[in-house]
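Here are my notes for a first look at this entry. Please read them with the structure open.

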Amino acid sequence: MENKTFETFGISPEIIKALTSLRYYSPTPVQEEVLPLALKKADIIVESQTGSGKTAAFGIPLCEDVVWEENKPQALILVPTRELALQIQEEIMNIGRLKRIKVTAVFGKSSFKTQKSELKQKSHIVVGTPGRVLEHLKEGTLSVEKVRTVVLDEADEMLHMGFIDQVEAIIDYLPKNRQTMLFSATMPPEVARLATFYMREDRVSVKMDQSPDNQPRIYQSYIRVSEEKKNDVLIDLLTVANPEAAIIFCNTKDVVDDVDAFLAKKGLL
Ligand code: AMP
């Protein structure tokens, strides 16, 4: 299984190119397991943690499968939160950038009307929270007749947040002849039951262990620094690392204000 590349899976050059620009040079363990099955259109149950690269594990096959000329949604991804919907929208747009894949996100506490007009445009993939997706289905503002794949992401979270009835109601709207992929960090009986009811009998289960080897590499380091040198070191770090984005955590609101004022004075905000 070592040293596989994305090319090994027969992924098209425009998607490989997009992955390279995202600096995804080789698949993570969950991607190695899921990609061949997902590309074969198998129904899959994946027990895997957030941070393992699971979004691309289903995002890459979805992008491969999209037929650009088809205007109606071809895949639906259900997620527990608005933040996750936006994160997945961004990641799949990045993966599908060179195929010009359109991804629409729909979630509650946000304008229904704006989402309705977005859904009227070309939308290859829709990602959303169950409540709002169901509303669009009931209002007839989301068409699912061309959906070939449904992804239930963080299924256990959707269960804990009380969305399972809505998830089931949504699945009932979908074409019967489809691929279903279910991702969950844990497998409580209610989630397993979803799989039994809504997935094909020949579904495949993939269980990733939680070892650090199954997480993308995140480099961590620390610097010991005295109180009076903190600002200088911060400037040095920001100059040398020149990060595209960074989060600075402070222990009190006052310190947050001080650091904010200091960085603004230095022209770094
Ligand atoms: P996820 O589990 O989908 O939330 O992904 C966790 C993080 O891993 C995200 O920041 C991704 O951008 C990153 N990631 C996903 N796949 C790869 C890959 N093949 N190589 C490097 N980073 C990746």
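1. Start with a salt bridge. In this predicted model, the side chains of aspartate 153 and lysine 54 pair at 3.0 Å, N to O. Aspartate 153 sits in the loop between β5 (149-152) and α7 (155-160), while lysine 54 belongs to helix α3 (residues 54-65). The two are 99 residues apart in sequence, so the salt bridge ties together parts that are distant along the chain.

2. Are the two partners buried or exposed? Aspartate 153 is buried, at a relative accessible area of 0%. Lysine 54 is buried as well, at 5%. The cut-off for buried is under 20%.

3. Lysine 54 has another acidic partner. Its side chain also meets that of glutamate 154 in a salt bridge, with N to O at 3.6 Å. Here the sequence separation is 100 residues, and the pair again links helix α3 with the loop between β5 and α7. Glutamate 154 has a relative accessible area of 15%, so it counts as buried.

4. Check the backbone at glutamate 154 too. Its phi is positive, about 50 degrees, although the residue is not a glycine. Glutamate 154 lies in the loop between β5 and α7.

5. Now the ligand. Lysine 54 appears here as well: a backbone N or O atom of this residue lies 3.3 Å from a ligand oxygen atom. A backbone N or O atom of glycine 51 is 2.8 Å from an oxygen atom of the ligand. Threonine 55 uses its side chain, where an N or O atom is 2.6 Å from a ligand oxygen. On its own the ligand has 500 Å² of accessible area, and the protein covers 73% of that.

6. Which residues are closest to the ligand? They are Tyr24, Gln31, Gly51, Gly53 and Thr55, out of twelve that surround it. By type, the shell holds eight polar residues, three nonpolar and one charged.

7. Return to the salt bridges. The whole structure contains eleven. Some form a network, which links Lys41, Asp65 and Arg148. As a general point, side chains of opposite charge can pair when their charged atoms come close.

8. Compare a local pair. Aspartate 257 and lysine 253 form a salt bridge, with their closest N and O atoms 3.9 Å apart. Both are in helix α11 (residues 253-265), four residues apart, which means about one helical turn separates them. Aspartate 257 is partly exposed, at 40% relative accessible area. Lysine 253 is exposed, at 63%.

9. Asparagine 231 is worth locating. It is found in helix α10 (residues 230-241). Its relative accessible area is 32%, so it counts as partly exposed. The C-alpha atoms of asparagine 231 and valine 259 are 8.0 Å apart in space, with their positions 28 residues apart in sequence.

10. Arginine 100 has a positive phi, near 55 degrees, and is not a glycine. It is found in the loop between α4 (82-95) and β3 (103-106). At 51% relative accessibility, arginine 100 counts as exposed.

11. Look next at threonine 196, in helix α9 (residues 189-198). A polar atom of its side chain lies 2.9 Å from the backbone oxygen of alanine 192. The C-alpha atoms of threonine 196 and arginine 100 are separated by 35 Å. Along the chain, these two residues are 96 apart.

12. Finally, the overall layout. The chain has 269 residues, and buried residues make up 45% of them. There are eleven helices and seven strands. The C-alpha trace spans about 65 × 45 × 40 Å along its principal axes. The chain is divided into domain 1 (6-207) and domain 2 (227-265). Taken over C-alpha atoms, the domain centres are 38 Å apart.

Definitions and conventions
Residues numbered from 1 in each chain as written. Predicted model: local features only at pLDDT ≥ 70, side-chain atom pairs only at ≥ 80, totals over all residues. Heavy atoms only, no water. Near = heavy atom within 4 Å. Polar contact = N/O pair within 3.5 Å; in protein donor to acceptor, adjacent residues only side chain to side chain. Areas by Shrake-Rupley, 256 points an atom, 1.4 Å probe, with all protein chains shown as cover. Nonpolar A, V, L, I, M, F, W, Y, C, P; charged D, E, K, R; others polar. Domains from an automatic or database assignment. Salt bridge = Lys/Arg side-chain N within 4 Å of Asp/Glu carboxyl O. Buried < 20%, exposed > 50% of the residue type's maximum accessible area, 1.4 Å probe, protein only.
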